[in-house]
Amino acid sequence: PAQMAAMQKMAQKMQQQKKPVKKAGAIDKIVNLNNLVKTIKVLNRSDEDSNISDKMFGTNTNINSSQYIMSDADEELLILIEFREDIDLETISFHACKEEKDNGDDDEDED
């Protein structure tokens, strides 16, 4: 009984000293790394269907739905980002504009 009480006391002490578990995907601090980007290349960009270049993609700060990049193969874009120095990258975020819906009734005109 004395050993059991000592073990329980030790377990309680360990629980009190235990650091809180960090949730997966939690972001401690957001850091903008734009100044460390050396090059950005979209490896499967369609020249015919895209209206902005790789260079414009990496430097554009006035994002709107009239500027876009389309893949030459499928729905995925393969983006290669080269940094000027070694970085510890845990998360990366990309932002996109929502696709504008055509409100026209073009489907009804088909026979």
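Let me begin with the charged pairs: a search of the whole structure, which is a predicted model, turns up two salt bridges.

The first one I would like to show you joins the side chains of Glu82 and Lys38, with 3.9 Å from N to O. Glu82 belongs to strand E2 and Lys38 to strand E1, so this pair ties together parts of the chain that are 44 residues apart in sequence. As for how open the two partners are, Glu82 has a relative accessibility of 36% and therefore counts as partly exposed, and Lys38, at 48%, also counts as partly exposed, since the exposed class begins over 50%.

The other salt bridge is formed by the side chains of Arg45 and Asp47, at 3.1 Å from N to O. Asp47 is exposed, its relative accessible area being 55%.

Arg45 also brings us to a serine that I would ask you to find on the screen, because Arg45 is one of the residues that Ser50 touches, once residues up to four places away in sequence are set aside. Ser50 sits in the loop that runs between strand E1, residues 37–42, and helix H2. Is Ser50 buried or exposed in this model? With a relative accessibility of 9%, it falls under the 20% cut-off and so counts as buried. Its side chain reaches two backbone atoms: the oxygen of Ser46, at 2.8 Å, and the nitrogen of Met70, at 2.8 Å. Met70 appears again among the residues that Ser50 touches, along with Tyr68 and Ile69.

Now to the helix at the beginning of the chain, H1, which covers residues 2–17. Its 16 residues, at 1.5 Å a residue, should span 22 Å, and the C-alpha atoms at its ends are 23 Å apart, which agrees with that expectation. How many of the residues of H1 are buried? The number is zero out of 16, so the helix lies largely in the open.

Finally, a word on confidence, which should stay in mind with everything I have described. The average pLDDT of the protein is 78, and 81% of the residues score at least 70. Confidence is highest in strand E2, residues 79–83, with a mean of 90, and that is the strand where Glu82 lies. Confidence is lowest in helix H2, residues 54–59, where the mean is 73, and H2 is the helix that bounds the loop holding Ser50.

How values were computed
Residues are numbered from 1 along each chain as its sequence is written. This is a predicted model: local features need pLDDT of at least 70, side-chain atom pairs count only at pLDDT 80 or more; totals for chains, interfaces and linings use all residues. Side-chain values use heavy atoms; hydrogens and water are left out. Helices (H or I, at least four residues) and strands (E, at least two) are DSSP runs, numbered from the N terminus. The expected span of a helix is 1.5 Å times one less than its number of residues. Buried means under 20% relative accessible area, exposed over 50%, partly exposed in between (1.4 Å probe, protein chains only). pLDDT is the predictor's confidence in each residue, from 0 to 100. A polar contact is a pair of N or O atoms within 3.5 Å; within protein, one must be able to donate a hydrogen and the other to accept it, and residues adjacent in sequence count only if both atoms are side-chain atoms. Contact means heavy atoms within 4.5 Å. A salt bridge is a side-chain nitrogen of Lys or Arg within 4 Å of a carboxyl oxygen of Asp or Glu.
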